[in-house]
Amino acid sequence: SRRRHTNRDVTGVQTCALPIFKVIFPRALDSHQLSFALGETLAHLNFLVGRGEMVRAPGADGIDRYRCV
């Protein structure tokens, strides 16, 4: 559920993967860890898209944005 990890309703909030990445992996990472952590973040987001809990929309700047539904 979209309220599993937070006390506030995030329906309609749109963001790219970076702020979510920083929540999941708050500590400093080396370049090797960084690539795996980014892949893991994107995998989580795509899982939620597949479940219908989020939608992904490409931005005009080429950066995908994710939004809870």
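1. A salt bridge is here a side-chain nitrogen of Lys or Arg within 4 Å of a carboxyl oxygen of Asp or Glu. In this predicted model, R65 and D61 satisfy that description, since their closest N and O atoms are 3.0 Å apart. R65, at 25% relative accessibility, counts as partly exposed.

2. By this rule the count of salt bridges comes to three, and the other pairs deserve a look as well. The side chains of E53 and R51 meet at 2.9 Å, N to O, and E53 counts as buried, with a relative accessibility of 17%. D64 forms a salt bridge with R56, where the closest N and O atoms are 3.9 Å apart; because the cut-off is 4 Å, this pair is counted. D64 is partly exposed at 30% relative accessibility, and R56 is likewise partly exposed, with a relative accessible area of 40%. As a general matter, side chains of opposite charge can pair when their charged atoms come close.

3. Turning to the fold, three strands make up an open sheet in the order β1-β3-β2, and the pairing is antiparallel. The edges are formed by β1 (14-15) and β2 (54-58), each of which pairs on one side only. Between β2 and β3 (residues 64-68), which run antiparallel, there are five bridges, and within this pairing the bridge partner of V55 is R67 in β3.

4. Which strands does helix α2 touch as it packs on the sheet? The helix, spanning residues 31-50, touches β2 and β3, and its direction makes about 115 degrees with that of β2.

5. The largest nonpolar core consists of five residues, namely A17, L45, M54, Y66 and C68. L45 may serve as a way into this region: leaving aside its neighbours within four places in sequence, L45 is in contact with A17, I20, M54 and Y66.

6. A reader may also ask how many aromatic pairs there are by the rule applied here. The count comes to one, and that pair is formed by F21 and F25, whose rings lie 5.7 Å apart, centre to centre, with 40 degrees between the planes. Why is the pair described as tilted? Planes under 30 degrees apart would count as stacked and planes over 60 as edge-to-face, so that the rest, including this pair at 40 degrees, count as tilted. The two residues can also be described by their accessibility: F21 is buried, with a relative accessible area of 9%, whereas F25 is partly exposed, with a relative accessible area of 25%.

Terms used:
Residues are numbered from 1 along each chain as its sequence is written. This is a predicted model: local features need pLDDT of at least 70, side-chain atom pairs count only at pLDDT 80 or more; totals for chains, interfaces and linings use all residues. Side-chain values use heavy atoms; hydrogens and water are left out. Two strands pair if DSSP finds at least two bridges between them. Helices (H or I, at least four residues) and strands (E, at least two) are DSSP runs, numbered from the N terminus. Contact means heavy atoms within 4.5 Å. Axes are lines fitted to C-alpha atoms, for helices over the stretch in contact, and angles run from 0 to 180 degrees between N-to-C directions. A nonpolar core is a set of buried Ala, Val, Leu, Ile, Met, Phe, Trp, Tyr and Cys residues joined through side-chain atoms within 4.5 Å. Buried means under 20% relative accessible area, exposed over 50%, partly exposed in between (1.4 Å probe, protein chains only). Rings of Phe, Tyr and Trp (its six-membered ring) pair if their centres lie within 6.5 Å; planes under 30 degrees apart count as stacked, over 60 as edge-to-face and the rest as tilted.
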